[in-house]
Amino acid sequence: MNHQHDSQDLHTTDTIDSTETIDQGRRRVLLLGMFGTVGTSAAAFGLLPKNLLADSLPASTATAPLKEPIVFASSGGTLQATLRATTKATSVAGQLISGTMTYNGHYPGPTLQVKPGDQILLKVHNNLDLTAAATPNPHPGATHNHAAAMTVPPANTLNTHFHGMHVSPLPKADDIYLATPFGGSYDYDFQIPANHPGGLYWYHPHVHGVVDNQIYAGLAGLLVVEGGAAQIPALQGARKRLMALKNIAIANGALATGVAPADQLHTLNGQLAPSIGIHPGETQLWQVANIGNEPYYKLSLDGHRFTVVAEDGAMLWESYTTDTLLVPPGKRFEFTVTGVKAGSYAFRTLGYNSGPFGDWRAAQLATMVVAGKLDTPRTVPVQLDEPPAYLTGPIVKRRYLRFSEGFDLSTNTPYFDINGKTFEALRNGTQVKLGTTEEWLIYNDSNRSLNEGGVAEDHPFHIHVNSFIVTEIDGMPVKAYGTQDVVNVLPGQKVLIRMAFPDFIGKSVFHCHILFHEDNGMMANFEIVP
Ligand SMILES: [Cu+2]
């Protein structure tokens with residue numbers, strides 16, 4: 001066992017071994033000393049009463065048809081577009097809301113639509129004028145208590161991450177270390193590989209320390225790579241619906257911050273409970289992304305089931321049918337829905353509790369209206385593709401990643417870390433070798449969190465540049481249906497993933513996609529080296 005507590009590398013062992021050196025004496029002291037702090041932390045973390053808001057919505061918005069965001073599409077092999085991050089008031093949830101941050105005034109932002117092999121020429125302007133607006137803090141009952149070592153840039157510092165995209169992490173591509181100050185702009189210029197999976201991705205800012213606020217305030221948009229599940233022969237000509245789920249709270253015509261999850265609203269493409277038309281017997285492809293800062297959605301559709309064909313932008317190799325889908329922050333699912341008999345059916349989130357400040361309420365997201373002439377259902381095959389070769393190929397390295405949170409007793413502030421370290425952009429990354437496959441064990445160490453005055457919460461793991469396959473949970477093999485770039489890890493759970501690094505070199509990050517956790521340090525660097 002290799003204990004490199006002062007090393008900047010992750011704990012690396014020849015075989016996965018979850019036993020780490022723990023200073024038992026220190027832990028005992030912390031445990032004993034923590035009783036008073038636990039109460040404080042519960043208050044600081046905002047254990048608010050469960051929301052009593054009904055799911056009922058204003059009649060004026062209940063029947064508006066679902067709209068899709070405006071599209072910036074590539075043409076002739078190039079996407080040439082301009083995004084302007086702005087603080088102008090925005091139309092969302094059926095009203096004009098101030099205090100939002102949006103791309104080009106749209107909530108959600110314009111959908112970027114590209115093809116594999118396209119060149120992206122994207123200019124992003126930073127017009128985030130916060131002088132007139134309060135700096136939002138979306139998190140209830142807690143301020144952003146960054147560790148002293150962390151440097152937090154101004155709240156309107158901007159960059160752009162292309163979530164889930166298998167592209168270079170270097171400039172002028174998916175480089176999340178760069179930062180554009182207010183008044184500046186950045187010209188992205190990179191190529192999407194010709195063999196890039198087709199599916200649903202999204203883009204959002206990624207400047208460490210200010211991401212949670214910016215995404216909560218509205219800086220997020222969809223990115224569609226053509227192809228993939230949408231081109232399954234059985235779905236040729238089927239109606240496709242792009243859906244972006246996002247949380248918001250509004251008070252007196254302004255974006256409200258510090259509102260408990262149980263009291264937030266959930267928008268679908270910026271609308272409250274729009275209607276979605278479908279014929280009886282018609283099969284549609286719904287492409288759904290969670291672009292909120294930290295909400296969880298547990299999707300269900302009254303009287304209907306979902307046949308899942310893609311996850312996190314990549315077509316599954318095996319489709320499956322389910323009644324509910326858990327969608328942690330950052331995740332996307334693409335599934336078919338076939339209208340049964342005429343009538344109205346609620347598309348809902350059933351509610352999900354990701355921890356003491358993650359009590360996401362049940363809500364109606366949309367109403368599916370089945371009406372019109374009878375259509376012929378489409379049947380998606382079970383076998384869609386072959387799994388990637390790395391699923392059964394050799395593993396060159398195994399790594400262990402421990403996600404935990406607690407309290408710094410000296411300042412009584414929360415911390416969030418990976419293998420005992422809060423994020424530092426300048427720290428050397430864990431080096432992984434180009435062309436190899438590794439296994440990572442991701443451990444949500446709720447014991448350490450609880451012992452050190454934190455709380456037990458879910459942590460949705462996300463990594464940039466390359467996707468992965470989940471192979472085991474708590475030591476038990478799991479059946480994988482496809483690749484993914486977000487996996488939710490429950491308190492105490494150990495999730496084993498397998499990941500290949502085939503194309504790109506450079507430094508990037510992996511992190512918890514509850515963005516309050518990321519902003520507070522639950523992120524680490526890795527570097528793909530030749
Ligand atoms: Cu987390």
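Select Ile 248 and look across to strand 16: the residue standing opposite is Leu 265. What you have open is a predicted model, so treat this as a walk through a prediction.

**Stop 1: strand 13**

Now widen the selection to residues 240-248, which make up strand 13. Is this strand mostly covered or mostly open? It is mostly covered, with 8 of its 9 residues buried. Strand 13 and strand 16 (residues 265-268) pair in the antiparallel sense, over 4 bridges. Next, add residues 283-290, which form strand 18. Here 6 bridges do the joining, and strands 13 and 18 run parallel. For one pair to click on, try Lys 240, which stands opposite Leu 285 in strand 18.

**Stop 2: a sheet of 5 strands**

Move along to strand 19, residues 297-301. This strand belongs to an open sheet of 5 strands, in the order 17-27-24-19-22, and the pairing is mixed. The edges are strand 17 (275-278) and strand 22, each of which pairs on one side only. Going from one strand to the next, the twist averages 25°. Zoom in on strands 19 and 24: they run antiparallel and are joined by 3 bridges. Pick Leu 299 and find its bridge partner in strand 24, which is Thr 349.

**Stop 3: a loop residue**

Select Ala 342. Where does Ala 342 sit? Its place is in the loop between strand 23 (332-338) and strand 24 (343-349). Ala 342 counts as exposed because its relative accessibility is 55%, and the cut-off for exposed is over 50%. Now select Val 369 as well and draw a distance from C-alpha to C-alpha: the two residues are 27 apart in sequence and 7.4 Å apart in space.

**Stop 4: charged pairs**

Time to show side chains. Side chains of opposite charge can pair when their charged atoms come close. The structure holds 15 salt bridges, and a few of them are worth a visit.

Start with Asp 312 and Lys 331, whose side chains meet in a salt bridge of 2.7 Å, N to O. Asp 312 lies in the loop between strand 20 (306-311) and strand 21 (314-322), while Lys 331 lies in the loop between strand 22 (325-327) and strand 23, so this pair ties together parts that are 19 residues apart in sequence. Both ends are tucked away: Asp 312 is buried, and so is Lys 331.

Then go to Glu 439 and show its surroundings. Its side chain meets that of Arg 398 in a salt bridge of 2.8 Å, N to O. This pair links distant parts of the chain, with Glu 439 in strand 31 (residues 437-444) and Arg 398 in strand 28, 41 residues apart. Glu 439 is buried, with a relative accessible area of 8%, whereas Arg 398 is partly exposed at 29%.

Glu 439 also meets Arg 498 in a salt bridge, at 3.6 Å, N to O. Glu 439 lies in strand 31 and Arg 498 in strand 36 (residues 494-500), so the pair ties together parts that are 59 residues apart in sequence. Both Glu 439 and Arg 498 are buried. To see several partners at once, select Glu 311, Asp 312, Lys 331, Arg 332 and Asp 485: salt bridges that share partners join them into one network.

While you are in this part of the tour, select Arg 399 in strand 28 (residues 397-408). Arg 399 counts as buried because its relative accessibility is 5%, and buried means under 20%. Its side chain makes a polar contact of 2.6 Å with the side chain of Glu 438.

**Stop 5: another sheet**

Follow the chain to strand 32, residues 459-463. What is the strand order of its open sheet? The order is 30-38-37-32-35, with 5 strands and mixed pairing. Strand 30 (430-433) and strand 35 (486-489) are the edge strands, each pairing on one side only. The twist averages 25° from one strand to the next. Strands 32 and 35 run antiparallel and share 4 bridges. One spot to click is Phe 461, which stands opposite Val 487 in strand 35.

**Last stop: the copper ion**

Select the copper ion. Which protein atoms are its donors? They are His 459 (ND1), Cys 512 (SG) and His 517 (ND1), lying 2.0 Å from the copper ion. Along the chain the donors follow the spacing H-x52-C-x4-H. Finally, switch on a surface: Cys 512 is buried, and so is His 517.

Terms used
Residues numbered from 1 in each chain as written. Predicted model: local features only at pLDDT ≥ 70, side-chain atom pairs only at ≥ 80, totals over all residues. Heavy atoms only, no water. Donors = N, O, S within 2.8 Å, 3.2 Å for Na, K, Ca; no water. Buried < 20%, exposed > 50% of the residue type's maximum accessible area, 1.4 Å probe, protein only. Helix = DSSP H or I, 4+ residues; strand = E, 2+ residues; numbered from the N terminus. Polar contact = N/O pair within 3.5 Å; in protein donor to acceptor, adjacent residues only side chain to side chain. Pairing = 2+ DSSP bridges. Axes fitted to C-alpha atoms, helices over the stretch in contact; angles between N-to-C directions. Salt bridge = Lys/Arg side-chain N within 4 Å of Asp/Glu carboxyl O.
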